[in-house]
Amino acid sequence: MEKIELNKLFKESSVQATMRRATFDRLQIRPQINYRGRTQDEVFFQKQDGANVEFEVVRRMDFEPEGVFEITAVFNVKRVLNDEYVGQDIDFRELLHGLTATEFNMLCGNVFSSMSLIIAQLTQSSNGVPMISPPVYCGVAAKPAENK
């Protein structure tokens, strides 16, 4: 299948985003342990109903080794297909596999900024210090730092 440009696939109307849930679990902090934070974003195709297409966007933050906290924010994103694509057989799961970070940001609108805000508010209420996560798509699990 030939790659479809997202700016042609969907109407320019605003992206509808709805928060489904957020979970925040405080975990034990062990002394003398260095924790490394991880952020992971994933986008899943949910369904297509005529011209409406829904995606689920999930951001998870946790630490290695396990401790400090685990947090998950889940949003539904609804987009509307351009008329020329309504009724075409488009494999949205396959389409998602080929997107770049920039394209995920275009697909999901400002949902990553909303997730960043929710996470900052939840972590601030826990210990007074907000954890600021990226306001853009950051992909699957941050890569470990290279040894220098």
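Helices (H or I, at least four residues) and strands (E, at least two) are DSSP runs, numbered from the N terminus. The model is predicted: local features need pLDDT of at least 70, side-chain atom pairs count only at pLDDT 80 or more, and totals for chains, interfaces and linings use all residues. Residues are numbered from 1 along each chain as its sequence is written, and side-chain values use heavy atoms, with hydrogens and water left out.

**Exercise 1. Place Asp41 and describe its surroundings.**

Step 1. Find the element. Asp41 sits in strand 2.

Step 2. Check burial. Buried means under 20% relative accessible area, exposed over 50%, and partly exposed in between (1.4 Å probe, protein chains only). Asp41 has a relative accessible area of 0%, so Asp41 is buried.

Step 3. Look at the side chain. One of its polar atoms lies 2.9 Å from the backbone nitrogen of Cys138.

Step 4. List the contacts (heavy atoms within 4.5 Å). Neighbours within four places in sequence are left aside. Asp41 then touches Val58, Arg59, Phe112, Val136, Tyr137, Cys138, Gly139 and Val140.

**Exercise 2. Work out the strand order of the open sheet and what packs on the sheet.**

Step 1. Apply the pairing rule. Two strands pair if DSSP finds at least two bridges between them. Strands of a sheet pair through backbone hydrogen bonds, either parallel or antiparallel.

Step 2. Read the order. The four strands run 1-4-3-2, with antiparallel pairing. Strand 1 (16-26) and strand 2 are the edges, each pairing on one side only.

Step 3. Take the angles. Axes are lines fitted to C-alpha atoms, for helices over the stretch in contact, and angles run from 0 to 180 degrees between N-to-C directions. From one strand to the next, the twist averages 15°.

Step 4. Inspect one pairing. Strand 2 and strand 3 run antiparallel and are joined by 13 bridges. Gly37 stands opposite Phe63 in strand 3.

Step 5. Add the helices. Helix 3 (residues 101-108) packs on the sheet and touches strand 2, strand 3 and strand 4 (69-80). The direction of helix 3 makes about 70° with that of strand 4. Helix 4 (residues 111-127) lies across strand 1, strand 2, strand 3 and strand 4, at about 155° to strand 4.

**Exercise 3. Which aromatic pair do Phe45 and Phe55 form, and what does the pair tie together?**

Step 1. Set the cut-offs. Rings of Phe, Tyr and Trp (its six-membered ring) pair if their centres lie within 6.5 Å; planes under 30 degrees apart count as stacked, over 60 as edge-to-face and the rest as tilted.

Step 2. Search. The whole structure holds ten aromatic pairs. Phe45 and Phe55 form an edge-to-face pair, at 6.2 Å centre to centre with 70° between the planes.

Step 3. Map the pair. Phe45 lies in strand 2 (residues 36-49) and Phe55 in strand 3 (residues 52-64), so the pair ties together parts that are ten residues apart in sequence. Both residues, Phe45 and Phe55, are buried.

Step 4. Take another pair. The ring centres of Phe63 and Phe69 are 5.0 Å apart and the planes stand at 85°, so this pair is edge-to-face. Phe63 and Phe69 are both buried.

Step 5. Extend. Ring pairs link Phe10, Phe45, Phe55 and Phe92 into a cluster.

**Exercise 4. Describe the nonpolar cores and place Ile71.**

Step 1. Define the core. A nonpolar core is a set of buried Ala, Val, Leu, Ile, Met, Phe, Trp, Tyr and Cys residues joined through side-chain atoms within 4.5 Å.

Step 2. Take the largest. The largest core has 26 residues, and those with the most contacts inside it are Leu9, Phe10, Val43, Phe55, Phe92 and Leu107. Helix 1 (6-9), strand 2, strand 3, strand 4, helix 2 (92-97), helix 3 and helix 4 each supply at least two residues of this core.

Step 3. Find the other. Apart from the largest core lies another, of five residues, among them Met61, Phe63, Phe69 and Ile71.

Step 4. Focus on Ile71. Ile71 lies in strand 4 and counts as buried at 1% relative accessibility. The C-alpha atoms of Ile71 and Ile119 are separated by 7.5 Å, though the residues are 48 apart along the chain.

**Exercise 5. Where do the unusual backbone angles fall?**

Step 1. Check omega. The peptide bond from Glu64 to Pro65 is cis, with omega near -5°. Pro65 lies in the loop between strand 3 and strand 4.

Step 2. Check phi. Val68 is not a glycine, yet has a positive phi of about 70°. Val68 lies in the loop between strand 3 and strand 4.

Step 3. Finish with Gln32. Gln32, not a glycine, has a positive phi of about 65°. Gln32 lies in the loop between strand 1 and strand 2. Gln32 is exposed, with a relative accessible area of 82%.

Notes: A polar contact is a pair of N or O atoms within 3.5 Å; within protein, one must be able to donate a hydrogen and the other to accept it, and residues adjacent in sequence count only if both atoms are side-chain atoms.
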